[in-house]
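Biologist: Thanks for making time today. Could we walk through this model together, one piece at a time?

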Amino acid sequence: MIKTAVVSSLEKVFAQSEGDFCEISEFSMLIGEKSCFQLAVFTDEPLHFVLSEVSGIKIKAFNVFCVPSEKPFYDDHDEDIAESPDGYYPDLLRPAEKGEIEFVNGGWCSVWFEVEAEESGKNKIEISLYNEENDLVETRELTVKVINAKLPEQELICTHWFHCDCLATWYKVPVFSEEHWQIIESFVKTAVDHGVNMLLTPLFTPPLDTEVGGERPTVQLVDVTVTGENKYSFGFEKLERWFKMALGCGVKQFELSHLFTQWGAEHAPKIADINGNKLFGWETEASGEDYKAFLTQFACRLDEFLTEEGVKEKCWVHVSDEPSEKNLESYSYASKLIAELFPDYKTLDALSDFEFYERGLVKTPVPSLNSAHDFYGKVPELWTYYCCGQYKGTSNRFMAMPSYRNRVLGLQLYKFQCVGFLQWGYNFWYSQYSKNEINPFEVTAAGGAFPSGDAFVVYPGENREPLVSLRFKVFRDAIQDLRALKLLESKIGREKTVAFVENTVGEPLSFTSYEKGIAVMLKKREKINEAIEKEL
């Protein structure tokens, strides 16, 4: 028995699905956009597919694989979840270049299609299914309408923290070897293709999600040589290569790695000399004179280098990640020191206590989604982030969340005029606090610490290239929605455009209130496209 359904990218097709999908027969998109849909298939025999050729349309196909979740959500989760019948979630996309379909005997599976349009017009896509004897068993059709308007450039600054050490660990290559550089570039290109345009840059090993007293593998772009007592010289050859590589991939901004430890700025990050000998780390008090002397010399030389390279205006400086009220004293010291050493640089930190901003300790605070309303209208430029803590009423992209909850972020970012968005886990393939490496195909919740999907949106491919999650594709949909809204605003004004994203029932759209359902989300984007077309 064979059953099929053409569904949107917002559908999560579990093997044990009931088949009550929100089917689609057509959708619209803009020139330059990458839109996705799926063919859900229930079969008791192996099948393969053949796509019709469509002029002006590029189509990539992927099989959707389910991965296990040791922690799909917290015990006190809200009601807007997508609970799996067997603990496995559709997430991993593997290229289906030969038309193969990942066969689930007596269950549902899906093929993911990514469509990119180069010219306007209506296009019919045909998907023909064949059995092992190459007999045609079914043909499904979908109409794609490409509107004669180009998706504008992305204005939002978007970063997903890039973990170079995880790449070296998984692929078992020396840090910053030629093999490592090739892998880094491949993963950066994929990040940029999905809306990331700001790159975490490891001047020194980023002090992120590290056990107190523990260490992550050294990934340090700056060479440090000790020339005397509290005297240093610096080499920037690797950092120069990093900037050239990233700019060539389409990166627009750089966040320089944190110069003090996470959760309080009480210590220095791990910094090694050119021979690998550790100079600073957990044993270094942040307020000590030795580290101050080091930072003073480093800041001067780094500024000269960034100015010579022409990237100074693209760089942002971090102090410490997620300080709390109890860290106010140590963060204040670190923040004031960085302000003295980098007086004309943009600075940003993820923190959700407005008092830090009121005291002038951070130029650009990045509050969590559920705290962003406390900053809205009170800061010149609003940024926001989500991580494991934003799971009640907010948008997010855990595996156990429906995909519309992932995509609604674009509407929220537009309504509240967000300038930037941050997420910490592009490819974090370690357990919590970086104690152990993990296999992301088998362990999806950082060893049970965070809900599955919080720590990464890409998987390590066998050919040293990333495999993308469907969650990252849907995230890109959200960013494209934001760009489409910017285009519409340029034609009809902001007030009228906001009406297209607003909730039609219940409370107004906020960071903690959004309309639920696949059909609702799809209809909103179609209405936006219709309005754009009307203004052509």
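**Strands, helices and core**

Modeller: Happy to, and I'll start with a pair of facing residues: F27 stands opposite V144 in β9. Keep in mind throughout that this is a predicted model.

Biologist: Which residue in β9 stands opposite S28?

Modeller: Strand β2 is joined to β9 (residues 136–150) by 6 bridges, and the two run parallel. F27 faces V144 in that strand. For S28, the residue opposite in β9 is K145.

Biologist: In what order do the strands of the open sheet with 4 strands come?

Modeller: The edges are a good place to begin: β2 (26–31) and β4 (47–51) each pair on one side only. Between β8 (residues 121–131) and β9 there are 10 bridges, and those two run antiparallel, with E126 opposite E141 in β9. The pairing in the sheet is mixed, and the order is β2-β9-β8-β4.

Biologist: Which residue takes a positive phi in the hairpin of β8 and β9?

Modeller: These two strands run antiparallel. Their hairpin has 4 residues between the strands, and the one with a positive phi, near 65°, is N134.

Biologist: Which helix lies across β2 and β9?

Modeller: Neighbouring strands in this sheet are turned by 30° against each other on average, ignoring direction. The helix across β2 and β9 spans residues 518–534 and runs at about 50° to β2; its name is α11.

Biologist: Now for the open sheet of 5 strands: why is one side of β1 and of β6 left without a neighbour?

Modeller: The strand order there is β1-β3-β7-β5-β6, with antiparallel pairing. β1 (2–8) and β6 (88–95) stand at the edges, so the reason is that each has a single partner strand.

Biologist: How many bridges join β5 to β6?

Modeller: One facing pair here is N63 and R94, the latter in β6. Strand β5 covers residues 57–68 and runs antiparallel to β6, and the number of bridges joining them is 7.

Biologist: Which helix gives the most residues to the largest nonpolar core?

Modeller: That core has 184 residues, and F37, F162, W242, F260 and F294 are those with the most contacts inside it. The leading helix spans residues 470–492 and gives 10 residues, and its name is α9.

Biologist: How many residues are in the other core, which lies apart from it?

Modeller: As background, nonpolar side chains in soluble globular proteins tend to be buried together. The other core includes V13, F21, A40 and W108, and its residue count is 7.

Biologist: Why do the buried residues of α4 line one face of the helix?

Modeller: Helix α4 (residues 289–309) has 21 residues and reaches 30 Å from first C-alpha to last, close to the 30 Å expected at 1.5 Å a residue. Its buried residues are Y291, F294, L295, F298, A299, L302, F305 and L306. Seen down the axis of α4, they line one face because they fall within an arc of 145°.

Biologist: Which exposed residues sit on the face of α4 turned away from its buried side?

Modeller: On the buried side, F294 is in contact with residues beyond four places in sequence, namely F204, V224, Y232, F234, I271 and F280. The face turned away from the buried side carries E289 and E308.

Biologist: Which residue follows α4?

Modeller: The helix ends at residue 309. What follows has a positive phi, near 75°, and that residue is G310.

Biologist: Is Y426 buried or exposed?

Modeller: Y426 is found in the loop between β21 (418–423) and β22 (458–460). Leaving aside neighbours within four places in sequence, its contacts include H160, W161, F162, F187 and F472. With a relative accessible area of 0%, under the 20% cut-off, Y426 is buried.

Biologist: How far apart in space are Y426 and Y459?

Modeller: In sequence they are separated by 33 residues, while C-alpha to C-alpha the distance in space is 9.4 Å.

Biologist: Last one: what is the bridge partner of W383 in β21?

Modeller: Both faces of strand β20 (residues 382–385) are covered, with L382 and T384 buried on one side and W383 and Y385 buried on the other. β20 and β21 run parallel and are joined by 4 bridges. In β21, the partner of W383 is G420.

How values were computed. Residues are numbered from 1 along each chain as its sequence is written. This is a predicted model: local features need pLDDT of at least 70, side-chain atom pairs count only at pLDDT 80 or more; totals for chains, interfaces and linings use all residues. Side-chain values use heavy atoms; hydrogens and water are left out. A nonpolar core is a set of buried Ala, Val, Leu, Ile, Met, Phe, Trp, Tyr and Cys residues joined through side-chain atoms within 4.5 Å. Buried means under 20% relative accessible area, exposed over 50%, partly exposed in between (1.4 Å probe, protein chains only). Contact means heavy atoms within 4.5 Å. Two strands pair if DSSP finds at least two bridges between them. The expected span of a helix is 1.5 Å times one less than its number of residues. The arc is that of the directions from the helix axis to the C-beta atoms. Axes are lines fitted to C-alpha atoms, for helices over the stretch in contact, and angles run from 0 to 180 degrees between N-to-C directions.
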